[in-house]
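Trainee: I'm new to this one, so could we go through it together?
Mentor: Sure, let's put it up and take it step by step.

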Amino acid sequence: MIEFRNVSYKVNGVQVLSDLNLHVARGETLVLLGRSGSGKTTTLKLVNRLLSPSSGKILVHGTPQEEIDVIKLRRGIGYVIQEVGLFPHFNVAKNIGLLPKIEDWPEDRIRARVHEMLQLVGLPQDLAARYPHQLSGGQRQRVGVARALAADPAILLMDEPFGALDPLTRDDVQREFLLLQQRLQKTVVFVTHDLREALRLGSRIALMEAGKLVTILSPAEFLKSSDPWASAYVRAFGDGLESAANRGIS
Amino acid sequence: MNVIRFMLHNRSQVLDLTLEHLWLVGWSTLMAALIGIPLGILIAHRTRLNKPVLAGANIIQTIPSLALFGFLLPVPWLGERVERLAILALTLYALLPIIRNTYDGIRGVDPAVVEAGRGMGLTESQLLFKVELPLAVSGILSGVRIAAVICVGLATIAAAIGAGGLGEFIFRGLAMVDNRVILAGAIPAAVLALLADFGVGWIEKRLRPR
C-alpha cells in the first residue's frame, strides 16, 4: 500500500531521515513511535508529499509517488493532525463536506455524507451547524477524523491526533478509533510518542530514533524485545503495559 | 457660527470641492487596494520578497507629501493632468498600510489550518480563496480603512499643485489668514475621514466570516 525505499530527507544540510525502508500493508495500523525529532512526523508528511524526499523512492498503491498528481494523491489520503486544523470560518458540516464539495459531489449526497460521518465518529447531528470554537477538544478531534474520512480515502495519516486531549477523552477516542478501524479497514499510519497508545492501537510498531528506523515489531513482540531502544521505552513507561496491549477496544 | 454661515453661503463650492476630494480619495484608495492586496498576498507566500517590498513602501511613506507632489510634477504624462498626479501620489502613500495589513493578515492564519488544508488536497488557489483570504479579510480591510483615512488627509495637499479638493479652501484660508475659510475645508475633510472609516468598517463587518 505504502512503501518507502531507501528514503532520506535532508533540510538545510541536516539529515532528518536516513535510508528509511518501510512497508505498510493494506488495512493495517502502523504506528510510528519515537521521541520528538526522531523523524516520525517527517515520515508521515513524506507520504502525502507535504515534504519531498531528498533521495529514495516512495510508492503509494504500488505507483511511484512522483507519477501521481500531488493534489489527487492528497485527496486519496486522509490527514489528521494534533492541532486538528479545522477551518474556523466554516461550521462542522462545511468542514466535513469541503472535500466532497470541491470534488463536485451533488448537494444532497454531501449532506448525506456529513450525516453519515457524524454518526460514524459518534457525534450528535445537531453539532453540524456549530463552529469549531464552539466545540470541546474531543469533539473537535472527532470532527477532524470525520473530515479526513469524508471523501473515503484508502489511507489515513494521523499525527499525534489524540496528544492534546485529557486522559479520559483520549481513552474514549482511542476506543472509538479501534471500533472505526475494525469497520473501515483503512490503511493507517499513526504517529505518537506514547507507547501505551502505540501498543493499544497499532498492528505493528515502527520504532524510530534520530532519523533512523530502529525496528518494526508487533505490540506483543515489542514488550518482549531485547532491542535496547525498545526495552528502554518499555522501562520508561513502567508497569501495566501488557494490559494496554491486550486491552484493545475494551 | 461664522464658519457655518460661510459654508452655507458658498455651499455649491463646498460641495464641488468635497466631491473632487472624494474622487481623489476614492480612486487612490481603490488603486492602492488593487495593487497592495495582491502584493501583500505575494510577499506573504514568497517571504524572500517581503523585506524589499515593505522597505520600499516604508520609504515612500517617509517622503514629505508636498515634496512628492513636487517631484512628480515634471514627469511628462503625469504632469499634464494634475489630478492624475495627485491620484498616483496618494496611491503610493496608501500602499503601505494595505500591503502591511494584508501581509500580516495572511501570515496570521493558523499554520495548522493551512497545513490541514494543503494535506487534504486543496490546490494553492483553493487554499488562498477558501481559507487564507476569508480568514485574513478583516485585517486586509482594516488596512484599506487606514489607507482611506490617510488619503483624505493627504489629499488636502493636492490643492498645492492645483489638483483641487478641499485643500483649496485650506490653502486659500491660510493665505488670507481667515480661519473661516480654512475650516470650510478642514471640517468637510474631517467628516469625509470619519465617513471613510465608517464606510470601510461597514464593508468589513459584512465580509467578515460569521
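**Pockets and the meeting of two chains**

Mentor: Keep in mind that this is a predicted model. One thing to look for is the second largest pocket, with a volume of about 240 Å³.

Trainee: Which elements give two or more residues to the lining of the second largest pocket?
Mentor: Start from the centre of that pocket, where Ala93(A), Lys94(A), Gly97(A), Lys101(A) and Glu107(A) lie nearest, out of 13 lining residues. Then look for helices of chain A that give two or more residues to this lining: they are α3 (92-102) and α4 (107-120).

Trainee: How many residues of the lining of the second largest pocket are charged?
Mentor: Split the lining by class. Six residues are nonpolar and two are polar, which leaves the charged ones, and their number is five.

Trainee: And what volume does the largest pocket have?
Mentor: Let's find the place before the number. Among the 14 lining residues, Pro111(B), Val114(B), Glu115(B), Arg118(B) and Glu132(B) are the closest to the centre. The volume of this largest pocket is about 370 Å³.

Trainee: Which element gives the most to the lining of the largest pocket?
Mentor: Chain B has three helices that each supply at least two residues here: α2 (11-45), α6 (82-107) and α7. With four residues, the one that gives the most is α7(B).

Trainee: Now the two chains. How much area do chain B and chain A bury between them?
Mentor: Contact comes before area: 18 residues of chain B touch 23 residues of chain A. Of the area buried there, 70% is on carbon and sulfur atoms. The total is about 1,800 Å².

Trainee: Which side chains meet in a salt bridge?
Mentor: There's one salt bridge to find between chain B and chain A. Its N to O distance is 3.2 Å, and the cut-off is 4 Å, so the pair counts. The partners are Lys45(A) and Glu115(B).

Trainee: Which element gives the most to the side of chain B that touches chain A?
Mentor: Two helices of chain B each supply at least two residues to that side, α7 (111-119) and α8 (124-154). One of them gives seven residues, the most, and that is α7(B).

Trainee: Last one: how many nonpolar residues does that side of chain B have?
Mentor: Set aside the five polar and four charged residues on the side that touches chain A. The nonpolar residues there number nine.

Conventions
Residues are numbered from 1 along each chain as its sequence is written. Chains are lettered from A and ligands numbered from 1 in the order in which they are written. This is a predicted model: local features need pLDDT of at least 70, side-chain atom pairs count only at pLDDT 80 or more; totals for chains, interfaces and linings use all residues. Side-chain values use heavy atoms; hydrogens and water are left out. Contact means heavy atoms within 4.5 Å. Buried area is the accessible area (1.4 Å probe) that two parts lose on being put together, summed over both. Ala, Val, Leu, Ile, Met, Phe, Trp, Tyr, Cys and Pro count as nonpolar, Asp, Glu, Lys and Arg as charged, and the others, Gly among them, as polar. On a 1 Å grid over the protein atoms alone, a cavity is a set of points where a 1.4 Å probe fits but cannot get out, and a pocket is an open set with protein on both sides within 12 Å along at least five of seven lines; lining residues have an atom within 4 Å of a point. Grid points are joined across faces, edges and corners, and a volume is the space filled by probe spheres set on the points.
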